[in-house]
Amino acid sequence: MDKVKIIELLNQDLEGEHGAIIQYLTHAYAMGEGEMSCEIEAIAREEMRHLDWLAEAIVELGGVPSLERGKMRMEGKSVVDWMKNGVMLEEDAMAPYREHIKLIDDPKIKRLLQRILSDEESHHGDFQHFVEKAQKEQAKDVRGSRQDRTTQILNQGIEHEYTVILQYLLHSYISPNKEVKRQMQDQAINEMQHLGWLAEELVDSEGNPRIEHTEVDRSARTADMLRADIKVEKEVAAAYDHAAKEVKEPDLKQLLLRIRDHEVYHADVFSDLLKEEEK
Ligand SMILES: [Fe+2]
Ligand SMILES: [Fe+2]
Ligand SMILES: [Fe+2]
C-alpha cells in the first residue's frame, strides 16, 4: 500500500478518536462529579493519546493530521443511553482498526494500530459495565438550561479553549522546531485543563457546555504559527480579564483570573519562541 493511502486510513482513525473524545467529555461533564465521570474522562484521555500517536505517524509518513471530527453518538437523554452510545462508538472504532491492521503492511504502523485496538476492546467492556452502573446508581443528566451572561462567558471560553487545543496540537505536529513542538504540546494540555474547568463550572451553574470550535490557524511556517498563537493568546487574555471584571460570583471571578494568567504566560512563552525562530 502506498503512503498516501496509509495516511488516508490513519486520518480516518484519527477523526474517529477526535469524535470519541468529544462524545465522552460531553457526557462526563453532563453527569457531574463522581466516580463514573472520572472513569469516562480517563477513557477520553486514552483516546487523546491515540490521537497523538496517529498524528505523529501521519507526519512521519509526510502527511498532515486531519482536524475533522469523526462520528459522534449523541442521541438519547439518559446516562444509560449515553453509556450504550459509548459501547456502540467503541464498536464503530474497533471495526476499522481491525480492517486497517489487515490492509496496512508497514510493521510499525500495524503494531501501533494493534496497540490502540486493544485499548478500544477494553473501553468497550468499560462502557458495558457503565450501562449497568448507570442503571443501578440512577445516574442523571445534571445539566441545566440556564442562559445568561455567565453561561455565555463560560461557553465562549470553552469554544476558545477547544480551538487552541486543536491549533497547538496541529502546530506541534507540523513544526520541525523541537522546542516549539514541546511547548505547543505542553500548552495544549494546559488548555485542556481550562476547557475542563470551564465545562465543570458551567454544569455547576446549571448551564449546558457546548463543545464546538472556531477556525484553526493552519500556517505552514513555524514563525507564522507563533504569530497566530501570540495573537490569539493576547485576545483571549483580554477577554478573560474583561469577563472576570464582569462576573459577580467570587469563585468564578477567581477561576477566570487564573486562566487569564495562564494565557498571559502562553503569550510570553510563544513570544520568546518567535524571537528565537526569527534569529
Ligand atoms: Fe476507545
Ligand atoms: Fe486557555
Ligand atoms: Fe493559552
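## A walk from iron to salt bridges

Start by selecting the iron ion (ligand 1): Glu47 (OE), Glu90 (OE), Glu90 (OE), Glu120 (OE) and His123 (ND1) coordinate it at 2.0 to 2.4 Å. Keep in mind as you look around that this is a predicted model. Now trace those donor residues along the chain, and you'll find the spacing E-x42-E-x29-E-x2-H. Pick out two of them, Glu47 and Glu120: Glu47 sits in helix H2 (residues 35–60) and Glu120 in helix H4 (residues 107–137), so this pair ties together parts that are 73 residues apart in sequence. Turn on the surface and check both residues: Glu47 is buried, and so is Glu120.

While you're here, color helix H2. How far apart are its end C-alpha atoms? They are 38 Å apart, which agrees with the 38 Å that the 26 residues of H2 should span at 1.5 Å a residue. Just beyond, H2 is followed by Gly62, which has a positive phi, near 90 degrees.

Next stop: the iron ion (ligand 2). Which protein donors does it have? Select Glu161 (OE), Glu161 (OE), Glu191 (OE), His194 (ND1) and Glu263 (OE), and you'll have them, at 2.0 to 2.4 Å from the ion. Along the chain, these donors are spaced E-x29-E-x2-H-x68-E. His194 belongs to helix H6 (residues 178–204) and Glu263 to helix H8 (residues 250–278), so here the pair ties together parts 69 residues apart in sequence. Are these two buried or exposed? Both His194 and Glu263 are buried.

Don't leave this spot without showing the iron ion (ligand 3) too. The iron ion (ligand 2) and the iron ion (ligand 3) are 3.9 Å apart. Click on Glu191 as well, as this residue coordinates both of those ions.

Now for the charged pairs. Side chains of opposite charge can pair when their charged atoms come close. How many salt bridges does the model hold? The count comes to 23, and here are a few to visit.

Go to Glu249 and Arg146 first. They form a salt bridge in which the closest N and O atoms are 3.6 Å apart. This one links distant parts of the chain: Glu249 is in the loop between helix H7 (222–246) and H8, while Arg146 is in the loop between H4 and helix H5 (149–174), 103 residues away. Glu249 is partly exposed, at 31% relative accessible area, and Arg146 also counts as partly exposed, at 27%.

Move along to Arg260 and Asp241, whose side chains meet in a salt bridge at 2.6 Å, N to O. Arg260 lies in helix H8 and Asp241 in helix H7, so the pair ties together parts that are 19 residues apart in sequence. Arg260 is partly exposed, with a relative accessible area of 21%.

Stay on helix H7 and select Arg227 and Asp224. Their salt bridge has its closest N and O atoms 2.9 Å apart. Both residues lie in H7, three residues apart, or about one turn of the helix. An α-helix has 3.6 residues a turn, so residues three or four places apart point the same way. As for accessibility, Arg227 comes in at 37% and Asp224 at 26%; Arg227 counts as partly exposed, and so does Asp224.

For the last stop, add Arg221 and Glu278 to your selection. Together with Asp224 and Arg227, these residues are linked in a network of salt bridges.

Methods:
Residues are numbered from 1 along each chain as its sequence is written. Chains are lettered from A and ligands numbered from 1 in the order in which they are written. This is a predicted model: local features need pLDDT of at least 70, side-chain atom pairs count only at pLDDT 80 or more; totals for chains, interfaces and linings use all residues. Side-chain values use heavy atoms; hydrogens and water are left out. Donors are N, O and S atoms within 2.8 Å of the metal (3.2 Å for Na, K and Ca); water is not among the atoms, so sites may look incomplete. Helices (H or I, at least four residues) and strands (E, at least two) are DSSP runs, numbered from the N terminus. Buried means under 20% relative accessible area, exposed over 50%, partly exposed in between (1.4 Å probe, protein chains only). The expected span of a helix is 1.5 Å times one less than its number of residues. A salt bridge is a side-chain nitrogen of Lys or Arg within 4 Å of a carboxyl oxygen of Asp or Glu.
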